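Biologist: I'd like to go through this model with you and ask how you know what you say about it. Can you put it up on the screen?

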Amino acid sequence: MKTPAQHLRDALQASPTPDRRRFLAGLGALPLLGAAASAPLPASAAVKTQARIVIAGGGAAGLTAASRLSTLLEGASITIVDARKEHYYQPGFTLVAAGIKPQNYVVSGTGDYVPKGVEWVADKVAEIDPEGRKVVTAGGKSLPYDFLIVATGLELNYGGIQGMDTARIGQNGLGSIYHSPQAASATWQAMSGFADKGGVALFGRPAGEMKCAGAPLKYTFITDDHLRRRNNRSKAELIYMAQSKSLFGVPIVAEKVRMLFQDRGVKVNHEHVLQSIDLDKRVATYKTPTGTAEQGYDFINVVPPMRAPEVVRNSPLPWTEGPFAADGWVEVDRETLRHKRYPNVFAVGDIAGVPKGKTAASVKWQVPVAVAHLMGDISGQAATEVYNGYTSCPLITRLGQAMLIEFDYKDNLIMSFPGVIAPLEELWISWVMKTMALKPTYISMLRGRA
Amino acid sequence: MKELDPMVFLAVFQEMLGPMLWVMLIVAALAVAAFVGLLVRDRGIVSRRLVRAELLGLLGGIVALVIMAQVSSSGFTDAGGPADWFLIALVYGVGAVATTILTYAAMGWMSGQTARS
């Protein structure tokens, strides 16, 4: 008697390939930087299959998954669904907002990276139906699948801040880097204007999960440095509104940031969460354990609350209980990225309901693991690869310097360059990696070459 | 570091430099070939030429640092720790050596002077 898995495997394979080779999906504590090898694709024969794979979302995670799968499989039907023609290199948004890179640095085209043989449906995902094993687009096209990779990314919930208007980013001291390349550029203009005049600048982050928890901190340091370079630091008061009792999820890093903020003269208010803003009067209102607190500002970098996109929240995929349930993150096993209730569904990137970082580095290490397990289903040889929660954050502490911070699910610091780059050290070499090596490595990742 | 996959290295540098990667590699190969060819022709090093090349090399190292600062959007006061000094020395060294080899080879082949003349 065949098991369901065996039935599935036989149905998917056109013919078994005799010299199937195990492929590496190396772990190792290697960063999303220059010369690091994560999971190089093997030079073995592709696995023949008739499997239909749908990838919901064509961002960093979706494209990386498509590139790897299209190389590993022969005969599979792989479809990416994403309406947006532009591809955003999101790790570069902070550099644009810092005045280091131009706006076009972060914009390219989704079409630049869709591999040959992969179909790109340029439409929005309107419905995900894991029971019926299909995805439906906004235009009504039904895409049945044998495997689904959810890579939709997350939704910036600006509506969660009363009074916020994204159309006014760049005006009257309002900044918000995450929104878009245009907004990042407008934020730079607003911040630069502030650096010339001085006043009160507010920084902070939302409660709940977010992508790159380091970015709000980085922008505080960058603003501080611009003020100093213009000899205007004494004219400004910088306040960081921490959403919790800590500045960062990894305790050792939180302590380092606390000391650096002290060194830079940045005031910190803990357990302050932005709930509303008056864009005309320039007053931000924060929820605190003891009530609300108002703070006037001359410049503010608004980081909105983040959650799963509506299409995922409306599906049966999110966690139903626990810390990831409220915002709709997809319920996956943290080590394999496989859905806990629908074994033929995987979630990678920002949408995955796993702890720790939602970053490009996480994508780089998650996707090969998820792909390995998907391949294991097709080939019949269960994969053993495990994702350890690796996240990397080159935390810029001034223009020209950054701290390379890397950690895993256990809050252990990981050192990719032991003996050369100390983890909590402000170094130029880390800045060089961020400005020179990160984007080429990211693009190589999209193409399945890194 | 655990593993250094040369294919990943190549992919990243290709992405970074585009076609310039191949141009630079070809120029480097030609420069080294010209240098070695010169050693063969002159049956050794021509000291005066080498000293001149080395002096230019000292300048070349500085140019390399300036180029590095520009492409990495850095200033000249960004060095934070020993790893940074190592990188600065490396960039300077590569620039100096590359300039020395290039100028020695160029001077040698252009002047037609050999060790015996």
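Biologist: What domains does the assignment give for chain A?
Modeller: Keep in mind that this is a predicted model. The assignment gives domain 1 as 4-154 + 308-391 + 441-446 of chain A, and domain 2 as 158-306. Where they touch, domain 1 of chain A puts in 17 residues and domain 2 of chain A puts in 21. On the domain 1 side, helix α3 (residues 93-97) of chain A gives the most, with four residues.

Biologist: How do you know how confident the predictor is about chain A?
Modeller: Look at the pLDDT, which runs from 0 to 100. Its mean for chain A is 92, and 90% of the residues reach 70 or more. Over residues 14-37 of chain A, though, the pLDDT is below 50.

Biologist: What makes up the side of chain A that touches chain B?
Modeller: By class, that side has 19 nonpolar, nine polar and three charged residues. Helix α9 (residues 428-446) of chain A brings the largest share, 11 residues. In all, 31 residues of chain A are in contact with 24 of chain B.

Biologist: Why is α3(B) called oblique to α4(B)?
Modeller: Helix α3 (residues 47-71) and helix α4 (residues 82-111) of chain B pack at about 135 degrees, with their axes 6 Å apart. Roughly perpendicular covers 65 to 115 degrees, and roughly antiparallel means over 145. The angle fits neither, so α3(B) is oblique to α4(B).

Biologist: Which hand does the crossing of α3(B) and α4(B) have?
Modeller: Their crossing is right-handed. The contact of α3(B) with α4(B) has 17 nonpolar, nine polar and three charged residues.

Definitions and conventions
Residues numbered from 1 in each chain as written. Chains lettered and ligands numbered in written order. Predicted model: local features only at pLDDT ≥ 70, side-chain atom pairs only at ≥ 80, totals over all residues. Contact = placed C-beta atoms within 7 Å. Domains from an automatic or database assignment. Helix = DSSP H or I, 4+ residues; strand = E, 2+ residues; numbered from the N terminus. Nonpolar A, V, L, I, M, F, W, Y, C, P; charged D, E, K, R; others polar. Axes fitted to C-alpha atoms, helices over the stretch in contact; angles between N-to-C directions. Parallel < 35°, antiparallel > 145°, perpendicular 65-115°, else oblique. Left-handed = near helix turned anticlockwise from the far one by under 90°.
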